[in-house]
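Reader: Please take one part of this structure and describe it closely, connecting each detail to the next. I would rather follow a single careful account than a list of separate remarks.

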Amino acid sequence: MNAQRLHLAARCAGFAVVLVVAAMLAGCVTTTPPTAVHQPMTVRPEPRPQYQTNAGAIFQPGAVRPLFEDRRARMIGDTLVINLSERTQAAKKASSSADRSQEITTGVPKIAGLPFKSAQGIDISAKGENVFAGKGASSADNNFTGTITVTVIEVLPNGNLLVSGEKKVAINQGDEFIRFSGVVNPTQVTAANTVQSTQVADARIEYRATGYIDEAQVMGWLGRFFLSFLPL
């Protein structure tokens, strides 16, 4: 009877260990990849003072926009369309070489009366050579196009707009995240409430994905460990 209880207790302990390990592994999985864009991603508009609902005229002080004001983003909570048109190209090539050689020849003269007569008359020569050659080349070609709508999260003292936004697209077996943030000059916003990404200062653009397809392209933690500590 005691043996059965011990066996049952061991099975329960093993099951508990499995649950703990599974919980730890689940905690290591993040459904949303980290980001480096300005936070927060979006904000609510600031509350406006309460005015009389109907002032008895065309002008309504409680309206979101004055009668003769355009619809371009200028306040916290307003939305702005960013046209992503990023294209970067870079190339680098370098080479270096060094060559050094040295040769030394000497001999032991024959002098009467000196010891070690067997070593006299021997010629000694030494030669050394050192050759180094190195080459390196790198190139990059990136193209990112599309559109994303962002939110004004802060109005700077000079009137510039700090915008940030995220677009999440669920495609079959994974999620794709497009994120953007930066500082926009209101004078560069078009009448259609759009601005080119190349006109945004301090722009931060991200395209990340989650899912098993994306995870298959990432080296495992054990491989990264050995890659970091092995001397070769």
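## From a loop to the charged network

Author: P40 is found in the loop between α1 (residues 2–28) and β1 (residues 79–107), and the peptide bond that joins Q39 to P40 is cis, with omega at about -5°. Everything described here comes from a predicted model, and the part chosen for the close look is the set of residues around E206.

E206 belongs to strand β6, which covers residues 201–211. Its relative accessible area is 9%, and because buried means under 20%, E206 counts as buried. If neighbours within four places in sequence are left aside, the residues in contact with E206 are P34, T35, A36, V37, F144, F177, I178 and R179. With A36 there is also a polar contact, in which the side chain of E206 reaches the backbone nitrogen of A36 at 2.6 Å.

Another of these contacts, R179, calls for a longer description. R179 lies in strand β4, made up of residues 174–184, and with a relative accessible area of 1% R179 is buried. The side chains of E206 and R179 meet in a salt bridge, at 3.5 Å from N to O. This pair links distant parts of the chain, since E206 is in strand β6 and R179 in strand β4, 27 residues apart, and both E206 and R179 are buried.

R179 also has a partner in E166, and their side chains form a salt bridge with an N to O distance of 2.8 Å. E166 is in strand β3 and R179 in strand β4, so this pair ties together parts of the chain that are 13 residues apart in sequence. The side chains of R179 and E166 are likewise joined by a polar contact of 2.8 Å. Unlike the buried R179, E166 counts as partly exposed, at 36% relative accessibility. These pairs belong to a wider arrangement, for E166, R179, E206 and R208 are linked in a network of salt bridges.

The residue that follows E166 carries the account further along strand β3, which spans residues 161–171 and includes K167. K167 has a relative accessible area of 31%, so it counts as partly exposed. Apart from residues up to four places away in sequence, K167 touches T147, I148, E176, F177 and I178. F177 and I178 have already appeared among the contacts of E206. The C-alpha atoms of K167 and I178 are separated by 5.0 Å, although these residues are 11 apart along the chain. The side chain of K167, for its part, reaches the backbone oxygen of T147 at a distance of 2.7 Å.

F144, one of the residues in contact with E206, leads from the charged side chains to the aromatic ones. The structure holds 1 aromatic pair. Its rings are those of F144 and Y207, with centres 6.2 Å apart and planes at 80°, so the pair is edge-to-face. F144 lies in strand β2 (residues 123–155) and Y207 in strand β6, so the pair ties together parts that are 63 residues apart in sequence. Y207 counts as partly exposed, at 46% relative accessibility, whereas E206 is buried.

Strand β6 also holds D202, a residue that is not a glycine and yet has a positive phi of about 50°. Its relative accessibility is 46%, so D202 counts as partly exposed. A positive phi, near 65°, is found at N193 as well, again in a residue other than glycine. N193 sits in the loop between β4 and β5, the latter being residues 194–196, and at 13% relative accessibility N193 counts as buried.

To place the network among the charged pairs of the whole model, the structure holds 5 salt bridges. One of them joins R87 and D141, whose closest N and O atoms are 3.0 Å apart. R87 lies in strand β1 and D141 in strand β2, so this pair ties together parts that are 54 residues apart in sequence. D141 is partly exposed, with a relative accessible area of 48%.

How values were computed: Residues are numbered from 1 along each chain as its sequence is written. This is a predicted model: local features need pLDDT of at least 70, side-chain atom pairs count only at pLDDT 80 or more; totals for chains, interfaces and linings use all residues. Side-chain values use heavy atoms; hydrogens and water are left out. Helices (H or I, at least four residues) and strands (E, at least two) are DSSP runs, numbered from the N terminus. Buried means under 20% relative accessible area, exposed over 50%, partly exposed in between (1.4 Å probe, protein chains only). A polar contact is a pair of N or O atoms within 3.5 Å; within protein, one must be able to donate a hydrogen and the other to accept it, and residues adjacent in sequence count only if both atoms are side-chain atoms. Contact means heavy atoms within 4.5 Å. Rings of Phe, Tyr and Trp (its six-membered ring) pair if their centres lie within 6.5 Å; planes under 30 degrees apart count as stacked, over 60 as edge-to-face and the rest as tilted. A salt bridge is a side-chain nitrogen of Lys or Arg within 4 Å of a carboxyl oxygen of Asp or Glu.
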